[in-house]
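Ready for some practice in reading a protein model? Work through the exercises below with the structure open beside you, and try each task before you look at its solution.

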Amino acid sequence: MPRRFVASGRRLGTLAGLFALSVLLWALTPHFLTVSNLLNVFEQTAINAIIAAGMTFVIISGGIDLSVGSLVALAGVALAAALQSGAPIPLAIAAGLGVGFGFGVLNGLAITWGRLPPFIATLGMMSVARGCALLFTEGRPISGFDPGFRALATSRLLGIPAPVVATAVVYLIARFVLSETRFGRYVYSIGGNEEATRLSGVTVWLHKTLVYGVSGLASAIAAVLLTARLNSAQPIAGIMYELDAIAATVIGGTSLMGGEGGLGGTIIGALIMGVLRNGLNLLGVSSFIQQIVIGLVIVFAVLIDTTLKARKT
Amino acid sequence: MRGICKRFPGVKALDEVCFDLRRGEVHALLGENGAGKSTLMRVLSGACTRDAGEILLDGQPVSLQSPRDAQALGISTIYQEFNLVPQLSAAENIFLGREPLRFAGIVNRRRLRDEAARLLESLGTTIDPSARVKDLSVAEQQMVEVAKALSLDARILIMDEPSSALTESEIDQLFAAIGRLTSRGVSVIYISHRMEELSRVGHRATVMRDGRHIATLPLPAPIPELVRLMVDRDVADHFPTPSRARGTELLRVEHVSRGPRLRDVSVTLYRGEILGVAGLLGAGRTELARVIAGADIPEQGRILLDGQPVRLRAPSDAIRAGIGLVPEDRKRHGIVPSQSVAANFALPQLPRLSRVGVISKRREQNLAARWIADLRIKTPTPATRVLTLSGGNQQKVVLGKWLAAGADVLIVDEPTRGIDVAAKMEIYQLLDRLAADGAAILMISSDLPEILGMSDRVLVMHQGRVQALYERHEATQARVLHAALGLAS
């Protein structure tokens, strides 16, 4: 029980932070709390939230994935090229997702078989994947798709924008995998104590490799939404996305040491970042100052977490 | 040192210990693993504080609350694992943090090198002060440590097993250096398991046992006398009386070698027996356990189960073959501390508890509830995190995880280290019951009474080899210790 207690207590704190932030913005600018603006926030948050879901798997397993932004670009380019060559939409999407998952698995193999630190392996991939995207497109965006594809970003389901629905589905599935399946349990125990997990007979390298595959897949799902929304796939898309995803995960209370955390916190973390950006935009705060504010929020969120933990022990 | 006491949760590590050291003497400190030698030295070096007693230096009481205090009083310790920065030069290591400076914080390299050279020379070595420590031999690194202690004006030098990694000629050099130190009035406390060499280097020896001072006698002293002092005590009668019959052969290890710590080891393990494995630290016992558990792959030799050769290339192979390992280092290798008791129990058997990859939480809870009751694990709920449990209860979780998995061969490495007496009894009874039910248990322990009290047979290892194998009625403390020390029986 205490474990759930601690986890939910931490999550409640993050949720309270989100709530307080929203009330503050509502007081400062009435336009914040309108249905259209809130839907707008959710829509803006969707891409970061989906990447952060994959990042949460990686960070719980005790790793880090710096390549997600580049994988968004590469998967988007692959998807766009498939669409332009006349492939049916589902097949093109499958191609994009396959590229994301495949490159993620390569990250994982570099870490498990190659015994590279995750930071280095994914830093290398960040550059390699970006280079592949640029090489493949000769540096030019691929634009103009079938309205059927663009509907993935523009249509609404019962008034809810499709990207928001997609995010919800991704989180429901990811949550199920993380908390109900063997794979999810192994992700936690590898992050908690890799050697004890190995000695318990778990094929650690396989599951660790899959974790990076999941992260690559999440990036590719985000790439589908991004490409549909912009009606264009850019080889320079997704720059700095890794930092937003790590920030959302960490603000959500997942420990960078691994073994602890969850998706409930991550979605709140992503929303805090989305709400903050939206609110600062509405208030007309310059984007330069926005960067400073967001950076400080990340640092303080983690500072509060580490201070609370230090006090407990 | 007078009347030193130190308690750890559940154990009295030091009980009214007195120890005196004269100027310029080499005082050997002897005792089995866990006799309290290290704790006493940790108190003297300020690494841990005493609960009672006083320490007098030149007749004056001193406070000694931290390693810094000890350093200021001229007490230096050289641990088995050196505290050197391998990438830096010998001279830089000797003066680390106290570099001779010119103005504005610039290191005076010439003085650094000259003073280091002077110190090293005074020890009779020819080490180049600008050589990087990682390029030096173990013996040379040790001399750098000694020089570092001298640069701190050490008057008392504590050396923990200084000769264990040295060759014969290097040991001669070490003793020569120690001779130079004592002639200058430096006192040396020398901890070693190598009986033969104590009489060569030491002036007096103190024997410790069970956290108590047993005797202090002048050296040279006859080795059998020292061994008797080290082990002479009643074998506690709190062990369950073995009432089991040895069954058929279950596991056989044939000529297994791996690295320097495991050389041509052969062992046979029968159903329904507890085979105790004794030996000093570093004798290769844990390495043997890891090879059988599939955690390490042997370079040579083979392992047979029920007469059939098995390939154990990963822990998962061993588990499938019914072999479970309760590792020596519980925190690092045994438990996943951030996970619940139930999740720790379930870890090796998740495939059995899940269908198409989805865990049945109900079956997981049932499994945990059953074993928590059976092993009387004190935990508020199965969902409690393992890290909040006591050491004894954590150990029961690790044991229970293998019982739940139905292991036939159970390897327990130091099963009762760091746990309280009551939990120890329970673990003894549990191991006894398992063996009676037909499991084969390989029990590694540094606790001699535990080995003698629990085992049907005792295997003694020394420097990676099997030194001796005794039946229960043949095994005595003196015999086992003799073999563990590498002395002919």
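**Exercise 1. Two faces of a helix**

Find the exposed residues on the face of α6(B) turned away from its buried side, then work out how the buried residues are arranged.

*Solution.* This is a predicted model, so keep in mind that every value here is computed from it.

Step 1: On the face turned away from the buried side, α6(B) carries the exposed residues B:E168, B:S169, B:D172 and B:S183.

Step 2: Now list the buried residues of α6(B), which are B:L174, B:I178 and B:L181. Looking down the axis of α6(B), you see these buried residues within an arc of 55 degrees, so they line one face of the helix.

Step 3: Ask what that face meets. The buried residues of α6(B) pack against β3 (26–30), α5, β7 (156–160), β8 (187–191) and α7 (195–201) of chain B.

Step 4: Check the length of the helix. Helix α6 of chain B covers residues 168–183, and its 16 residues should span 22 Å at 1.5 Å a residue; the end C-alpha atoms are 23 Å apart, which agrees.

Step 5: Look just past the end. There, B:G185 takes a positive phi of about 95 degrees.

**Exercise 2. Another helix, the same method**

Which residues of α14(B) are buried, and against which elements do they pack?

*Solution.* Step 1: Helix α14 of chain B (residues 361–374) has 14 residues and reaches 20 Å from its first C-alpha to its last, close to the 20 Å expected.

Step 2: Its buried residues are B:E364, B:L367, B:A368, B:W371 and B:I372. They cover an arc of only 125 degrees around the axis, which puts them on the same side of α14(B).

Step 3: The packing partners of these buried residues are α12 (341–346), α13 (350–353), β18 and α15 (391–404) of chain B.

Step 4: The face turned away from the buried side of α14(B) carries the exposed residues B:R362 and B:A373. After α14(B) comes B:R376, with a positive phi near 50 degrees.

**Exercise 3. Buried or exposed?**

Decide whether B:I127, A:T45, A:R115 and B:D264 are buried, partly exposed or exposed.

*Solution.* Step 1: You need the cut-offs: 20 or more C-beta neighbours within 10 Å make a residue buried, 12 or fewer make it exposed, and anything in between is partly exposed.

Step 2: B:I127 sits in the loop between α4 (109–122) and α5 (138–151) of chain B. It has 23 C-beta neighbours inside 10 Å, so B:I127 counts as buried. Beyond its sequence neighbours up to four places away, B:I127 touches B:A90, B:L120, B:L136, B:E140, B:M143 and B:V144.

Step 3: A:T45 belongs to helix α2 (residues 35–60) of chain A. Because it has 25 C-beta neighbours inside 10 Å, A:T45 counts as buried. Apart from neighbours within four places in sequence, A:T45 is in contact with A:A270, A:L271 and A:G274.

Step 4: A:R115 lies in the loop between α4 (89–112) and α5 (118–137) of chain A. With 9 C-beta neighbours inside 10 Å, A:R115 counts as exposed.

Step 5: B:D264 is part of strand β12 (residues 262–270) of chain B. With 13 C-beta neighbours inside 10 Å, B:D264 counts as partly exposed.

**Exercise 4. Unusual backbone**

Which peptide bond is cis, and what is the sign of phi at A:R115 and B:D264?

*Solution.* Step 1: Start with the background: most residues other than glycine have a negative phi, and most peptide bonds are trans.

Step 2: The bond from B:L219 to B:P220 is cis, with omega near 0 degrees. B:P220 is in the loop between β10 (212–218) and α8 (223–231) of chain B.

Step 3: A:R115 is not a glycine, yet its phi is positive, about 55 degrees. B:D264, also not a glycine, has a positive phi of about 55 degrees.

**Exercise 5. Where the chains meet**

How many residues does each chain give to the contact?

*Solution.* Step 1: Chain B gives 28 residues and chain A gives 23 residues.

Step 2: On the side of chain B that touches chain A, the elements giving two or more residues are α10 (315–320), α11 (330–334) and β18 (358–359) of chain B.

Step 3: By class, that side of chain B has 16 nonpolar, 10 polar and 2 charged residues.

Conventions:
Residues are numbered from 1 along each chain as its sequence is written. Chains are lettered from A and ligands numbered from 1 in the order in which they are written. This is a predicted model: local features need pLDDT of at least 70, side-chain atom pairs count only at pLDDT 80 or more; totals for chains, interfaces and linings use all residues. Two residues are in contact if their C-beta atoms, placed from the backbone, lie within 7 Å. Helices (H or I, at least four residues) and strands (E, at least two) are DSSP runs, numbered from the N terminus. Ala, Val, Leu, Ile, Met, Phe, Trp, Tyr, Cys and Pro count as nonpolar, Asp, Glu, Lys and Arg as charged, and the others, Gly among them, as polar. The expected span of a helix is 1.5 Å times one less than its number of residues. The arc is that of the directions from the helix axis to the C-beta atoms.
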